[in-house]
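Visitor: I'd like to learn how to read a structure like this one. Could you walk me through it?

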Amino acid sequence: MRDLAGSYTLRDEGRVEVRPIRPEDKERLQAGLRLLSPRSRYLRFLSDPNELSPKELRYLTEVDQVDHLAWIALDPDRPEDPGLGVARCVRLADEPDVAEVAVTVVDAHQGRGLGTLLLGILGMAAAEQGIRAFRGFVLASNSDMLEILEQVGAQVGEREGAATWFDVPVPTNLDELPDSPAGRAFRALAEQIDR
């Protein structure tokens with residue numbers, strides 16, 4: 001299994017440290033939630049929680065990295081600060097090669113390629129665990145995310161209330177990535193990891 005943890009360069013040449021999430025990251029996640037705008041919290045949770053319960057924090061940080069994988073991005077100069085973003089997936093019991101996916105990036109770090117980086121690392125880790133597709137839900141009004149999903153070859157389903165479901169393949173090699181802005185970003189990430 002490849003060691004994907006390490007320092008990565010974002011589109012704006014900023015650096016982040018990415019590693020698997022740990023149980024001791026509970027307060028870091030709670031503080032990160034406070035850095036999300038109400039809109040960002042709603043886009044991620046389809047609600048606007050002000051804080052995470054102890055039970056939610058245990059669920060989000062005490063993961064096995066096999067059926068529930070989660071990666072966190074940190075500022076390398078201030079590793080004690082709240083996380084900058086998290087990507088996670090949870091394997092579906094009735095479809096073991098599919099995992100429900102979610103990515104969250106704090107508002108101050110959105111638009112830098114951090115979400116793409118986290119999703120790419122999560123995808124590589126998930127592929128090593130036999131996960132072949134990510135499933136998720138996105139607000140039908142979240143046109144930015146729907147565009148990214150289209151660029152990576154996602155199958156987007158029918159609208160169910162305010163949300164739309166999607167399935168996106170988890171590539172097992174670079175040749176499977178589409179020639180799109182998101183596909184090229186994932187290819188560049190894979191090349192950065194393999195250096």
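Guide: Let's go through the overall layout, a helix pair, the cores and a few single residues.

Visitor: Fine by me. What is the pattern of helices and strands along the sequence?

Guide: Keep in mind that this is a predicted model. The chain has 6 helices and 8 strands, and their order along the sequence is β-β-α-α-α-β-β-β-α-β-α-β-β-α. Of its 195 residues, 46% count as buried. Take the contacts with a separation of 6 or more: 62% of them come from residues 24 or more positions apart.

Visitor: Now the helices. How do I read the packing of two of them?

Guide: Two packed helices are described by the angle between their axes and the distance between the axes. Here, try helix 1 (residues 26-34) and helix 3 (residues 54-61): their axes come within 9 Å and cross at roughly 110°. Angles of 65 to 115 degrees count as roughly perpendicular, so helix 1 is roughly perpendicular to helix 3. The crossing of this pair is right-handed.

Visitor: Which residues meet where helix 1 and helix 3 touch?

Guide: Helix 1 brings Lys26, Leu29 and Gln30, and helix 3 answers with Leu57, Arg58, Leu60 and Thr61. Sorted by class, that contact has 3 nonpolar, 2 polar and 2 charged residues.

Visitor: On to the cores. What's the general idea?

Guide: In soluble globular proteins, nonpolar side chains tend to be buried together. In this model the largest nonpolar core has 32 residues, and Val18, Cys89, Leu114 and Phe134 have the most contacts inside it. Several elements give two or more residues to this core, among them strand 2 (15-20), strand 4 (85-92) and helix 4 (114-128). Helix 4 gives the most, with 9 residues. Apart from this core lies another, of 13 residues, including Leu36, Val63, Val86 and Val106.

Visitor: What does Cys89 touch beyond its neighbours in sequence?

Guide: Leaving out residues within four places, the contacts of Cys89 include Leu69, Val101, Leu122, Ala126, Ile131 and Phe134. Asp67, His68 and Glu100 are also among them.

Visitor: Let's do single residues. Is Arg19 buried or exposed?

Guide: The cut-off for buried is under 20% relative accessible area. Arg19, found in strand 2, has 12%, so Arg19 is buried. Not counting residues up to four places away in sequence, Arg19 touches Ala5, Asp25, Arg28, Ala70, Trp71, Ile72 and Leu74.

Visitor: And where does Leu84 lie?

Guide: Leu84 is in the loop between strand 3 and strand 4, and is buried at a relative accessible area of 9%. Leu84 and Ile72 are 12 residues apart in sequence and 7.5 Å apart in space, C-alpha to C-alpha. Beyond four places in sequence, the contacts of Leu84 include Val16, Leu74, Val105, Val106 and Leu114.

Visitor: Last one: backbone angles. Which residues have a positive phi without being glycine?

Guide: Most residues other than glycine have a negative phi. Glu13 is one to look at, with a positive phi of about 75°. Glu13 is found in the loop between strand 1 (6-9) and strand 2, and at 60% relative accessibility Glu13 counts as exposed. Gln65 is another, with a positive phi near 60°. Gln65 lies in the loop between helix 3 and strand 3, and counts as buried at 19% relative accessibility.

Note on methods. Residues numbered from 1 in each chain as written. Predicted model: local features only at pLDDT ≥ 70, side-chain atom pairs only at ≥ 80, totals over all residues. Heavy atoms only, no water. Axes fitted to C-alpha atoms, helices over the stretch in contact; angles between N-to-C directions. Helix = DSSP H or I, 4+ residues; strand = E, 2+ residues; numbered from the N terminus. Parallel < 35°, antiparallel > 145°, perpendicular 65-115°, else oblique. Left-handed = near helix turned anticlockwise from the far one by under 90°. Contact = heavy atoms within 4.5 Å. Nonpolar A, V, L, I, M, F, W, Y, C, P; charged D, E, K, R; others polar. Core = buried A, V, L, I, M, F, W, Y, C linked by side-chain atoms within 4.5 Å. Buried < 20%, exposed > 50% of the residue type's maximum accessible area, 1.4 Å probe, protein only.
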